[in-house]
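This report goes through the packing, strand pairing and backbone geometry of one protein model. Please keep the sequence and the coordinates at hand while reading.

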Amino acid sequence: MLLRHAEMKDLPQVKQIILDGKAHLAAQNINQWRGQYPNMDVLVHDIKNGYNFVLAEGDEILGTVSAIPGPDMSYQTLDGQWMTEEGEYIALHRVAVSANHRGEGLSTKLFNAVLDELALNPTIKGIRVDTHKENFGMQHVIKKSGFQETGYVKVLNSSNKEQVYNIGYEKLNLPVSLPMAN
């Protein structure tokens, strides 16, 4: 398995994984990713801007995640306290794995791979993510990856008539030191 930046040729598989994720959430009656979000415009934007990473094995995309530099408008309204200041973090969004490989621990592998990639950049002080309060599977993966709960995030552009709040998490980025060449 290899983590790499998504390319436009990956868009059909990324889109299918997102659609699978939406269906999986709906089947669990979790009110997350309902309606038009995330849509093709968002996915294309993420890929074109180099935000989207995919976990791939050969030509098959196993999982997808977007790592977006802050400040992120989604995180302006936290009922709680972030660990880092504005602009010092990366926000993880649109995390999903292939329905063909569900139950194989790919969410954890995807998180670990993207966290390892981000650890190579010492300017990133923290990594933020949020999920629905009933999305226990994602909460488990987030906590297992070392994130701490920071409060509740007001979901922007929600298609729900009532205001939705997700649980916000953050993890300090601990950059790795690469050995110096002789």
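In which sense do strand β7 and β8 pair, and over how many bridges?

## Basis of the model and strand pairing

The model is predicted, so that local features need pLDDT of at least 70 and side-chain atom pairs count only at pLDDT 80 or more, whereas totals for chains, interfaces and linings use all residues. Residues are numbered from 1 along each chain as its sequence is written, and side-chain values use heavy atoms, with hydrogens and water left out.

Strand β7, residues 148-154, pairs with β8 in the antiparallel sense over six bridges, where pairing requires that DSSP finds at least two bridges between two strands. Helices (H or I, at least four residues) and strands (E, at least two) are DSSP runs, numbered from the N terminus. Within this pairing, Glu 149 stands opposite Tyr 169 in β8. Strand β8 is also joined to β6, through seven bridges and again in an antiparallel arrangement, and here Arg 128 has Glu 170 of β8 as its bridge partner.

## Nonpolar cores

A nonpolar core is taken here as a set of buried Ala, Val, Leu, Ile, Met, Phe, Trp, Tyr and Cys residues joined through side-chain atoms within 4.5 Å; buried means under 20% relative accessible area, exposed over 50%, and partly exposed in between, with a 1.4 Å probe and protein chains only. The largest such core has 25 residues, of which Leu 92, Phe 111 and Phe 147 touch the most other members. The elements that each give two or more residues to this core are β2 (52-57), β3 (60-69), β5 (89-97), α3 (106-118), β6 (126-132), α4 (136-144) and β8 (165-172), and the largest share, six residues, comes from α3.

Leaving aside residues up to four places away in sequence, Leu 92 touches a set of residues including Val 65, Tyr 75, Phe 111, Val 114, Leu 118, Ile 127 and Phe 147, contact meaning heavy atoms within 4.5 Å. Apart from the largest core lies another, of 14 residues, among them Ile 30, Trp 33, Leu 43 and Val 54.

## Helix α2

In helix α2, residues 40-48, the buried residues are Leu 43, Asp 46 and Ile 47. Seen down the helix axis, these residues fall within an arc of 95°, so they line one face of α2; the arc is that of the directions from the helix axis to the C-beta atoms. They pack against α1 (11-27), β2, β3 and β5, while the face turned away from the buried side carries the exposed residues Asp 41 and Lys 48.

At the start of α2, a side-chain oxygen of Asn 39 reaches to within 3.1 Å of the backbone nitrogen of Asp 41. The helix is followed by Gly 50, whose phi is positive, near 75°.

## Backbone exceptions

Most residues other than glycine have a negative phi, and most peptide bonds are trans. A cis peptide bond nevertheless joins Tyr 37 and Pro 38, with omega about -15°, and Pro 38 is placed in the loop between α1 and α2. The bond from Gly 70 to Pro 71 is also cis, with omega near 5°, and Pro 71 is found in the loop between β3 and β4 (78-80).

Positive phi values occur at Asn 29, near 60°, and at Arg 94, near 55°. Asn 29 lies in the loop between α1 and α2 and is exposed, with a relative accessible area of 58%, whereas Arg 94 lies in strand β5 and counts as buried at 10% relative accessibility.

Methods
Polar contact = N/O pair within 3.5 Å; in protein donor to acceptor, adjacent residues only side chain to side chain.
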